[in-house]
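Biologist: Could you walk me through this one? I am new to it and would like to start with how two of its helices pack.

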Amino acid sequence: MTAPVFIALDFPDAASAQAFLVPFRDLPEQPAVKVGMELFYAAGPAFVRELRQQGFTVFLDLKLYDIPNTVGHAVARLAQLDVQYLTIHAAGGTKMLQQAVANKGADMKILAVTQLTSFSEADMQATQQTPLSMADSVQHLAKLAYAAGVDGTISAPGEAALIQAVTADDFLRITPGIRLAGDAADDQARITTPKVARQSGATGLVVGRSITKAHTPVAAYQRVMAEWGNEA
Ligand SMILES: O=c1ccn([C@@H]2O[C@H](COP(=O)(O)O)[C@@H](O)[C@H]2O)c(=O)[nH]1
């Protein structure tokens, strides 16, 4: 899977997530899924193992951020779940990032969150009191992550090309903040459509509510995949 589209399974429990996935079983290929804090805290490692046994590609989005020793040990435990992707915060710094990389599983990719897509430029300035612009901050954090041996970043689609410019072509640029045209932004600040994300240099998408809250989620997923350039 070179250009994955992950459906964000932001559900309160395993039963709701599994019920949501039932109609996707009729597709020729199962979607890749992202398990975030809400579902992981409710359903835990057992549910992640269940998804892996069912053949799903799993992105565990826990956004780890702690001292290097703690993050290293946490990554080693999570590697036992055989997930393919795991997030940490780039702002945790070089030593934390290196500890994560040193403890990841053989087929696990570590993705570093640069600046959350819910942050506008003004939100970031107000929170972080940084003289950097959003673009400069994202590039700085991406360079830090790349130098530490991380596999890619999480950023808004509009920053994908900027990240590519300061890292490498094969450095992953996975982008949440995706909305089908006409859908509400909700709590996201830096959003775009799947088509524009592809044109902007993203190498993978995370899509939650544009699919999970759609009247017909499978049709919404197929629309995302068509815009992104994949068949579903
Ligand atoms: O910067 C980030 C990092 C992670 N996310 C996660 O992606 C999905 C997006 O959900 P939508 O419903 O499509 O807005 C969600 O699980 C976030 O935790 C992000 O949005 N931004």
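Modeller: A word on terms before the packing: the axes I will speak of are lines fitted to C-alpha atoms, for helices over the stretch in contact, and angles run from 0 to 180 degrees between N-to-C directions. Please also keep in mind that this is a predicted model.

Biologist: Fine. At roughly what angle do the axes of α3 and α4 cross?

Modeller: Helix α3, residues 68-79, and helix α4, residues 94-102, have axes that cross at roughly 20° and come within 8 Å of each other. Because angles under 35 degrees count as roughly parallel, α3 is roughly parallel to α4.

Biologist: And is the crossing of α3 and α4 left-handed or right-handed?

Modeller: The crossing of these two helices, α3 and α4, is right-handed.

Biologist: Which residues of α3 and α4 make the contact?

Modeller: On the α3 side they are P68, N69, V71, G72 and V75, while α4 contributes K95, M96, Q99, A100 and A102. Sorted by class, the contact of α3 with α4 has six nonpolar residues, three polar ones and one charged one.

Biologist: Let me zoom out. How many helices and strands does the protein have?

Modeller: There are 10 helices and eight strands in the protein. Its C-alpha trace spans about 45 × 40 × 30 Å along the principal axes.

Biologist: How does the radius of gyration of the protein compare with that of a compact globule?

Modeller: A compact globule of 232 residues would have a radius of gyration near 17 Å, and the protein has 17 Å, so the two agree. As for burial, 42% of the 232 residues count as buried. If we take the contacts between residues at least 6 apart in sequence, 68% of them join residues at least 24 apart.

Biologist: Can we look at a buried residue, then? What does V48 touch?

Modeller: V48 is found in helix α2, which covers residues 37-53, and, leaving out residues up to four places away in sequence, V48 touches V35, V58, L60, L81 and V83. V48 counts as buried because it has 22 other C-beta atoms within 10 Å, where 20 or more are needed. One of its partners, V58, is 10 residues away in sequence, and the two C-alpha atoms are 7.6 Å apart in space.

Biologist: Now a strand. Where is V206, and what does V206 touch?

Modeller: V206 sits in strand β8, residues 204-207, and is buried, with 25 other C-beta atoms within 10 Å. Again not counting residues up to four places away in sequence, V206 touches F6, A8, K34, I174, T175, P176 and I178. The C-alpha atoms of V206 and L60 are separated by 12 Å, although their positions lie 146 residues apart along the chain when counted as sequence separation.

Biologist: Different topic: what is the phi of Q129?

Modeller: Q129 has a positive phi of about 50°, although Q129 is not a glycine. Most residues other than glycine have a negative phi. Q129 is in the loop between α5 (121-128) and α6 (134-147), and is exposed, with 7 other C-beta atoms within 10 Å.

Biologist: And D186, what is its phi, and is D186 buried or exposed?

Modeller: D186 also has a positive phi, near 55°, and is a residue other than glycine. D186 lies in the loop between β7 (172-175) and α8 (194-199). With 12 other C-beta atoms within 10 Å, D186 is exposed, since 12 or fewer is the cut-off for that class.

Methods: Residues numbered from 1 in each chain as written. Predicted model: local features only at pLDDT ≥ 70, side-chain atom pairs only at ≥ 80, totals over all residues. Helix = DSSP H or I, 4+ residues; strand = E, 2+ residues; numbered from the N terminus. Parallel < 35°, antiparallel > 145°, perpendicular 65-115°, else oblique. Left-handed = near helix turned anticlockwise from the far one by under 90°. Contact = placed C-beta atoms within 7 Å. Nonpolar A, V, L, I, M, F, W, Y, C, P; charged D, E, K, R; others polar. Rg over C-alpha atoms; globule rule 2.2 N^0.38 Å.
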